[in-house]
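Reader: I would like a close look at one part of this protein, then a walk outward from there. Short sentences, please.

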Amino acid sequence: MSVWRKLVTAVKGGATEAAQTVVDSQAIRILEQEIREAKDELRKSDHARTQILAKCKLSEQKVASLQSSIEQYEAHARKAIDSDRQLALDCAQKVSDLKAEQEGEQKYLDQFKQSEKQLAGNISQAKANLRRLEQQVDMVKATESVQKAQVAVSSRHLGANSKMKTATESLQRIQDKQTLRDAELQAAQELATEESSDDLEKRLAQAGIKGGQTSADDELSRILGK
């Protein structure tokens, strides 16, 4: 495969992936539209079934009407057989023609009933499938909402963690400064104490109370037992 053909194939692959991404992002919307279209088709099917049922009723009425006519002409034939044989034969022929017509109409009626029964089963199955599909769509939408909420919470949690880390670092810096300041204050206090102590020692020495020549005299007196 040449380089150009590979490049064209790569572009086609990228376009397909982009289109698939768009389709996936609109999957629920597309599915809902498909459900609406399926409902429209089912409404058309219900209307078609209604028309078939109406034709069934008309055919049943016609079959019943033909049966009534058959019975009437049979009665006429029975009455005419004793007085007018030809009339009786004509009535019998009429009965034969009506029976033929009735049989033809009965075939139409049977076909209508068979079609209506099959259509009713298909519509019932389609409606059941559509209900299950709608339930699944509801579940998908609910899951989608929950997952979006989880993503939002997770994002906030990550943001909170980042802010918490920054706050912790700031707190540590403040604590370090406070520790250093305490150390400086303690050192200053110790220096002040030492200076105060030195001053006191000097003052004691000058007063001859502690240290210096007076203390040596005292020590000599102690040694001589005086």
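In which helix is Leu224 found? Please start there and then take me through the helices, the core and the charged pairs.

Author: First, a caution: this is a predicted model. Every value below is computed from it.

Leu224 is found in helix α4, which covers residues 212-224. Is Leu224 buried or exposed? Leu224 is exposed, because its relative accessible area is 53% and the cut-off for exposed is over 50%. Leu224 also belongs to a nonpolar patch on the surface. Its partners there are Leu220 and Ile223. Together the three residues present about 320 Å² of accessible area.

Now to helix α3. This helix runs over residues 85-206 and contains Glu116. Glu116 carries an acidic side chain, yet Glu116 counts as buried, because its relative accessibility is 13% and buried means under 20%. What does Glu116 touch, once neighbours within four places in sequence are left aside? The contacts are Arg49, Ile52 and Leu53.

Next, the core. The largest nonpolar core has five residues in all. They are Ile35, Leu42, Ile123, Leu130 and Val137. Helix α2 (27-80) and helix α3 each supply at least two of them. Helix α3 gives the most, with three residues. Take Val137 from this set of five. Leaving out residues up to four places away in sequence, Val137 touches Leu31, Glu32 and Ile35. Ile35 is itself a member of the core.

Then the charged pairs. In general, side chains of opposite charge can pair when their charged atoms come close. How many salt bridges does the model hold? The count comes to eight. Three of these pairs follow.

Start with Lys39 and Glu134. Their side chains meet in a salt bridge, at 2.6 Å from N to O. Lys39 lies in helix α2 and Glu134 in helix α3, so this pair ties together parts that are 95 residues apart in sequence. Lys39 is partly exposed, at 31% relative accessibility. Glu134 is partly exposed too, with a relative accessible area of 24%.

The next pair sits within one helix. Arg43 forms a salt bridge with Asp40, and their closest N and O atoms are 2.2 Å apart. Both residues are in helix α2, three residues apart, so about one helical turn separates them. Asp40 is partly exposed, at 35% relative accessible area.

Lys44 and Glu41 form another salt bridge, with closest N and O atoms 3.8 Å apart. Helix α2 holds both of these residues, and they too are three residues apart, about one turn of the helix. Lys44 counts as exposed because its relative accessibility is 53%, and the cut-off is over 50%. Glu41 is partly exposed, with a relative accessible area of 46%.

Last, the cysteines. A disulfide is a covalent bond between the sulfur atoms of two cysteines. How many disulfides does the structure hold? The count is zero. Cys56 counts as buried, because its relative accessibility is 6%. Cys91 also counts as buried, at 7% relative accessibility.

To return to your starting point: Leu224, in helix α4, is exposed and shares its surface patch with Leu220 and Ile223.

Definitions and conventions
Residues are numbered from 1 along each chain as its sequence is written. This is a predicted model: local features need pLDDT of at least 70, side-chain atom pairs count only at pLDDT 80 or more; totals for chains, interfaces and linings use all residues. Side-chain values use heavy atoms; hydrogens and water are left out. A disulfide is a pair of cysteine sulfur atoms within 2.5 Å. Buried means under 20% relative accessible area, exposed over 50%, partly exposed in between (1.4 Å probe, protein chains only). Patches are made of residues with over 30% relative accessible area and no salt bridge: like charges are joined within 9 Å, nonpolar side chains (Val, Leu, Ile, Met, Phe, Trp, Tyr) within 5 Å. Accessible areas come from the Shrake-Rupley method with a 1.4 Å probe; for residues, only the protein chains shown count as cover. A salt bridge is a side-chain nitrogen of Lys or Arg within 4 Å of a carboxyl oxygen of Asp or Glu. Helices (H or I, at least four residues) and strands (E, at least two) are DSSP runs, numbered from the N terminus. Contact means heavy atoms within 4.5 Å. A nonpolar core is a set of buried Ala, Val, Leu, Ile, Met, Phe, Trp, Tyr and Cys residues joined through side-chain atoms within 4.5 Å.
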